[in-house]
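Biologist: I am new to this structure and would love a close look at a single part of it. Could you walk me through the nonpolar patch on the surface, and then through what pairs up by charge?

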Amino acid sequence: MRTFLRIAAAAALLAVAAPAAAQYTFLSPDQQPPPLRLEGWRNTVRVNVGVGLYNSDWYVCAYGWTCAPTSYASWVPFVVGPQFDLHISGPSAISLGLLIGFGTVKSTVVTSTGQVDHSAKVTTYEPTLDYVVLLGTPLSDTAGRLRFGGGLLIGPDTKLGFLGRVGAGVAFFNTNRWGVGLDLVLEGGSMNGSWMGGVQLVASPEFRF
């Protein structure tokens, strides 16, 4: 009976110690163990701040200017907005965000009488929904991410468009609650029946919980 109790006590002790031991790997004597990451630190809140670069013929037509095959417009907005990554399972997350763009549209219209240049200040709103794949492990201090999704673009005079989104990014200080992110996102789609495409480069302070 005493032997059985000793075996049971030893088994219980190993069961308690095993999860803690699993947090570490065998390291060289001069290497520090990695910082522990709480299992609950899966969701991320960030504020994106950056710049975009877009080309479109929508802006040329939006203000009553003459549209022609040789008409084009460029827009380099300052973009800012919140974003929330909701962890699903494993390396997957759903990302909800809102990007607000401020900038001056510069357009050129070529007609039979010559070339005319226009400019106008524009503000846009873009609610976004992305599927995010996390690269690396929770113990990686620097981790990558890929995103695939779309955005509803709301322009002046409540004109609407849809943009597909694909991007890549990196999270620094990934093992801490506070970190920094950097993302490059390509966008392309239709705005008020006209093609629109561009790229965003944003940096973001991040809070993980």
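Modeller: Happily! In this predicted model, a nonpolar patch on the surface is formed by Val-51, Leu-53, Val-76, Phe-172, Phe-173, Val-180, Leu-182, Leu-184 and Leu-201, which together have about 750 Å² of accessible area. Two elements, β1 (44-56) and β8 (178-191), each give two or more residues to the patch. The largest share is that of β8, with three residues. Val-76 sits in the loop between β2 (72-75) and β3 (78-89).

Now follow β1 and β8 to their charged side chains. Arg-46 and Glu-206 form a salt bridge, at 2.9 Å from N to O. This pair links distant parts of the chain, with Arg-46 in β1 and Glu-206 in β9 (residues 194-208), 160 residues apart. Both Glu-206 and Arg-46 are buried.

In β8, look for Glu-187, whose side chain meets that of Arg-165 in a salt bridge of 2.9 Å, N to O. Arg-165 belongs to strand β7, 22 residues away from Glu-187. Glu-187 counts as buried because its relative accessibility is 6%, and Arg-165 is buried at 6% as well.

Arg-165 also has a salt bridge with Asp-130, at 2.8 Å from N to O. Here strand β7 (residues 160-172) is linked to Asp-130 in strand β5 (residues 114-135), 35 residues apart. Asp-130 is buried too, with a relative accessible area of 2%.

The whole structure holds nine salt bridges. Through shared partners, salt bridges join Arg-46, Asp-85, Asp-130, Arg-145, Arg-147, Arg-165, Asp-183, Glu-187, Glu-206 and Arg-208 into one network.

Technical notes: Residues numbered from 1 in each chain as written. Predicted model: local features only at pLDDT ≥ 70, side-chain atom pairs only at ≥ 80, totals over all residues. Heavy atoms only, no water. Patch = residues over 30% accessible without salt bridge, like charges linked within 9 Å, V, L, I, M, F, W, Y side chains within 5 Å. Areas by Shrake-Rupley, 256 points an atom, 1.4 Å probe, with all protein chains shown as cover. Salt bridge = Lys/Arg side-chain N within 4 Å of Asp/Glu carboxyl O. Helix = DSSP H or I, 4+ residues; strand = E, 2+ residues; numbered from the N terminus. Buried < 20%, exposed > 50% of the residue type's maximum accessible area, 1.4 Å probe, protein only.
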